[in-house]
Structures are given as C-alpha cells and as structure tokens.
Amino acid sequence: MKNKVCVSAVEAGSIAQELDIRVGDELLTVNSRQVIDLLDYMDLMLNEKLTLEFMREDGEVYECEVEKEIYEDIGLTFTPELMSEQRACKNKCMFCFIDQAAPNMRDTIYFKDDDWRLSYLYGNYVTLTNVTDEEIDRICDRHYSPLYVSVHTMNPELRVKMMKNPNAAKIKQQLDMFLEYGIMVNCQIVLCPGINDGKELEYSLNELYKYSEIIDSVAVVPVGLTKHRQGLEKLRCYTKEEAFDVLVQVHKMQKKALKELDRRFVFASDEFYIKAEHDVPDFDALEDFSQLENGVGLITSFADEFAGALDSLNVTRSPYKRVLVVTGESAYEFMSEIAAVAGEVLNTVVDVVKAENNFFGTTVTVAGLLVGGDVKAAINKAGDCDVVLLPSVMFRSGTEVFLDDMTKTQLEEETGKKIVIIPVDGECFLEAVAGKTKF
C-alpha cells in the first residue's frame with residue numbers, strides 16, 4: 001500500500017501558494033500518476049504542464065493545473081521527506097558503528113539508514129545490498145548520479161562475510177551496470193585490521209581501479225570502535241606501524257593513478273596519518289577534496305583556510321582574555337598548533353582541551369563523537385575562560401543538541417561558560433577567536 005504523502009510546507013510567494021495548496025493536503029497524483037517517491041516527484045516536476053490532484057483534510061478532492069518553466073519549483077515540501085518509507089539497512093556488518101552505540105539513547109540513533117535515494121540527494125554512503133535489480137535499472141535509466149557506495153572489499157566472499165548479507169556479493173555486477181550507463185560513484189573502504197587490509201586491500205584497490213572511468217574517488221578509513229561491543233565480533237584498532245603500512249599501499253596506488261589518470265583516485269583519511277605520525281598531504285594532493293565528509297583532508301583544508309584568514313585579518317586584539325577550544329584526541333596536536341598562532345596574532349590566550357570520550361570509550365578519538373557530558377567534564381577541568389569554542393560536528397545536524405541529548409543551553413547553564421558553536425573551518429575559527437561570533 002502506498003504511503004500517505006502530505007504537504008508539510010508551502011513556500012511563501014510560490015506557485016503552490018497562489019493555487020491555495022495548503023499544509024496537510026494529501027498529494028494523490030501528478031499527471032494522473034501516483035508518485036513513487038521524492039525522486040519520481042522531482043522528475044515529474046520537470047514537465048512544463050502539470051495536473052496535480054490533492055485531497056483536503058476534510059476529504060475534498062481537487063485538481064490544480066500548472067504551467068511553468070522546466071526547472072521552476074512550485075514550492076512544496078512533503079512529509080515523509082522522501083515521499084515514501086526510508087529504507088533501513090539489512091546488513092549485520094561486523095564493524096557497524098550503530099551496533100556499538102550506548103544503550104538508552106533516543107530511537108533515531110539506532111536507525112540504520114541504507115537508502116540509495118539519500119545517497120543521490122545528500123551524499124550518504126550506502127552498500128546497495130538492499131537495492132533490487134529493478135531499482136538498479138531505475139538508477140541507470142534515469143541517471144541518478146553520483147552515488148556514494150560503501151564497498152569495504154571487492155572480494156565477494158569476504159564482502160558477504162563482513163556484511164553478513166548474501167546480496168553483498170553483487171558489488172561487481174552493480175558497478176558493471178553503473179559503468180555501462182555512466183553512473184558516477186564515490187567509494188569508501190572501512191578497514192578492519194587483519195580482515196580487509198593487506199593483500200585484500202591491494203586486491204580491492206586494483207579491482208576498483210578498473211572502474212576508474214566512473215569512480216571519482218575512493219576513501220580508505222579505519223574502523224571505529226566503541227566500548228559497547230558486548231556480543232559483537234572481536235575487532236581492534238590500528239597500530240602506528242599498521243597505519244603506516246596502509247599509507248604505503250594508498251600512496252603506491254596514488255602514484256600509479258597519477259601517472260595513468262592524472263589524478264590520485266584513492267585517499268586515506270586523516271586518522272591514518274595521525275595514527276602513523278605521518279605528515280598529512282599538502283593542499284594540492286587532496287585535489288577536489290571530494291571525500292572531506294569522510295575525514296579526508298580536514299586538517300589540510302582547515303590549515304589552508306586559517307592561513308588565508310590570517311593574511312586578511314584586520315584586527316590585532318581579541319576581546320577575550322582566554323579562549324577555550326574543546327576537541328578530541330585526534331585533532332588535539334593540530335589544533336594546539338593553530339591555537340598558539342591565533343593567540344599570538346590576536347594577543348590573547350587560546351588553550352586547547354582534549355576531551356576524553358567516556359561515553360563511547362577512549363578508542364573513539366574524533367571530536368564529532370564527543371557528547372555533552374564529556375565536553376562538560378573537560379570544560380570544568382580547564383578553569384576560567386571568557387568563551388568556549390566547540391566545532392559544529394559535535395552537534396546533530398542543524399541543531400544545538402549533542403548525541404547524549406544535552407543542549408548547548410544546558411551546557412552553558414551547567415558550566416557557567418559562554419559557548420560558541422563554529423563550523424569546522426579555519427577562517428571561522430580565527431574569526432571566533434577574534435570575537436566575530438556570527439555563526
């Protein structure tokens with residue numbers, strides 16, 4: 001049975017408002033056709049002539065005739081957002097981070113998204129294991145591109161073992177279809193020590209390289225492990241030496257790709273460079289930073305933005321006597337160096353505090369997984385300051401709420417400190433230290 005799809009918002013001044021389409025009205029058909037989902041609706045909206053059928057909340061059915069420009073939006077938002085049920089993951093991956101979430105968190109934390117439509121719309125990574133052959137045909141026929149695919153390994157048997165889903169073996173056939181139809185892909189490989197690294201990583205990179213015509217980039221990232229792994233498979237973190245070995249493999253493939261493709265093709269996340277105590281790549285070596293959301297090039301990008309902001313800085317003194325910056329272990333050394341420079345040029349003290357992740361466990365070292373309680377503990381230990389700067393990645397997207405549901409306001413009340421949330425951006429960081437809190 002098709003989901004009920006209702007209008008959740010009508011844009012002011014839009015065609016929809018002129019037609020008196022209202023919040024709560026149910027969309028029945030577009031051009032006499034039931035809408036499959038948001039992507040289908042977007043495709044239908046490319047028609048210059050539309051007939052939309054709605055039903056009011058009181059049961060009245062009415063039609064709207066629309067004539068518009070081909071790319072003109074009529075100004076409607078719907079609920080559910082995808083205009084169909086969001087698809088959950090059907091895998092039981094040995095490294096799944098959601099399976100390692102702390103107990104008693106809000107329900108949405110435990111939902112495993114694996115919806116290829118969100119991959120196309122927002123760049124979410126998906127495994128394609130719950131995508132039918134008919135849907136692959138739809139992707140190809142309508143050219144929904146690019147997609148973001150969690151590959152992990154190109155060895156079909158190993159991929160099935162890692163994901164515990166027989167459909168995981170289809171990855172090559174799916175990439176073959178994408179190659180035939182020119183569907184561009186960005187890939188990620190989550191590496192688990194002793195499982196899909198070493199020779200398996202070499203094999204996967206070589207296999208993916210065969211699809212370089214459609215694969216824009218491949219990110220290699222280390223497995224993330226929390227302390228909540230009771231009953232799960234035994235996995236461990238990378239050692240310094242193992243992380244270095246991964247970088248050797250990645251750099252080897254980059255050298256080959258640079259020679260043959262004039263681009264690097266594969267990139268290791270900043271975490272591998274930090275763990276290996278290896279210099280992060282220069283700005284040019286990150287090319288278009290296409291894997292930034294995967295932690296590839298964050299440090300390099302931040303440093304470049306910071307340097308550019310220093311060149312154009314038009315103030316010499318911060319209004320603050322002491323600025324506190326809270327981050328995780330991974331970024332601590334880098335942020336300490338940046339903070340020292342910011343403090344010197346703005347004649348203030350900028351101290352970086354490394355917050356220990358007691359919520360997920362000390363093996364989790366990234367700032368984006370620090371919760372309010374752990375940030376609060378770090379702030380309270382740090383002493384007096386005029387302002388605390390926190391990166392936006394600590395908060396749920398578009399909100400001021402941590403993963404443990406503590407809010408920015410609660411944190412301010414419980415620490416007595418002014419909190420400023422800033423984007424992960426070197427220029428924004430410098431401006432925040434300078435007192436320009438426009439974020």
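Let me start with Y238, which counts as buried at 6% relative accessibility. This is a predicted model, so please hear every value as computed from that model. Y238 sits in the loop between β8 and α8. What does its ring pair with? The ring of Y238 pairs with that of F272. The two centres are 5.3 Å apart and the planes stand at 70°, so the pair is edge-to-face. F272 belongs to helix α9, residues 270-276, and the two residues are 34 apart, so the pair links distant parts of the chain. F272 is buried as well, with a relative accessible area of 1%.

There is a second pair to look at, F302 with F334. Their ring centres lie 5.8 Å apart, and because the planes are at 80°, this pair is edge-to-face. F302 is in helix α10, residues 298-311, while F334 is in helix α11, so parts that are 32 residues apart in sequence are tied together. Both F302 and F334 are buried. Ring pairs also extend this into a cluster of F302, F306, F334 and F429. In the whole structure there are 14 aromatic pairs.

One more ring, this time with a charge. K354 lies over the face of Y332, at 4.9 Å from the ring centre.

Next, the sheet that α11 belongs with. In which order do the strands of the open four-stranded sheet run? The order is β11-β10-β12-β13, and the pairing is parallel. β11, residues 349-354, and β13, residues 419-422, are at the edges with a single partner strand each, so each has one side without a neighbour in the sheet. On average, neighbouring strands here are turned by 25° against each other, direction ignored. For a detail, take β12, residues 387-391: four bridges join β12 to β13, and the two run parallel. Within β12 and β13, L390 stands opposite I421.

Two helices lie on this sheet. Helix α11, residues 329-345, lies across β10 (322-327) and β11, and runs at about 175° to β11. Helix α12, residues 372-382, touches β10, β11, β12 and β13, and its direction makes about 145° with that of β10.

For an antiparallel case, go towards the start of the chain. Strand β2, residues 26-30, pairs with β3, residues 49-55, in the antiparallel sense over four bridges. V30 stands opposite L52 in β3. Is β2 mostly covered or mostly open? Mostly covered, since four of its five residues are buried.

Now the core. In soluble globular proteins, nonpolar side chains tend to be buried together. Here the largest nonpolar core has 43 residues, and F178 and L208 have the most contacts inside it. Helix α8 gives the most to this core, with six residues. Which residues does F178 touch, leaving aside neighbours within four places in sequence? They are L128, I136, I139, C140, L147, I183, V185 and I214.

L208, for its part, is one of the buried residues of helix α7, residues 199-209. The others are L201, S204, L205, E207 and Y209. The buried residues of α7 pack against α6 (171-181), β7 (185-191), β8 (215-222), α8 (240-261) and β9 (266-268).

S204 in that list leads to H152. The C-alpha atoms of H152 and S204 are separated by 8.1 Å, although the two are 52 residues apart along the chain. H152 lies in the loop between β6 (147-150) and α5 (156-163). Is H152 buried or exposed? H152 counts as buried, because its relative accessibility is 4% and the cut-off for buried is under 20%. Not counting residues up to four places away in sequence, H152 touches F95, M163, Q188, I189, V190 and N196.

The last residue is S269, in the loop between β9 and α9. S269 is buried, with a relative accessible area of 1%. Apart from residues up to four places away in sequence, S269 touches V220, V221, P222, N294, G295 and V296.

That is the last item, and I will take questions now.

Key. Residues are numbered from 1 along each chain as its sequence is written. Side-chain values use heavy atoms; hydrogens and water are left out. Buried means under 20% relative accessible area, exposed over 50%, partly exposed in between (1.4 Å probe, protein chains only). Contact means heavy atoms within 4.5 Å. Two strands pair if DSSP finds at least two bridges between them. Axes are lines fitted to C-alpha atoms, for helices over the stretch in contact, and angles run from 0 to 180 degrees between N-to-C directions. A nonpolar core is a set of buried Ala, Val, Leu, Ile, Met, Phe, Trp, Tyr and Cys residues joined through side-chain atoms within 4.5 Å. Rings of Phe, Tyr and Trp (its six-membered ring) pair if their centres lie within 6.5 Å; planes under 30 degrees apart count as stacked, over 60 as edge-to-face and the rest as tilted. A charge sits over a ring if NZ of Lys or CZ of Arg is within 6 Å of the ring centre and within 35 degrees of the ring normal.
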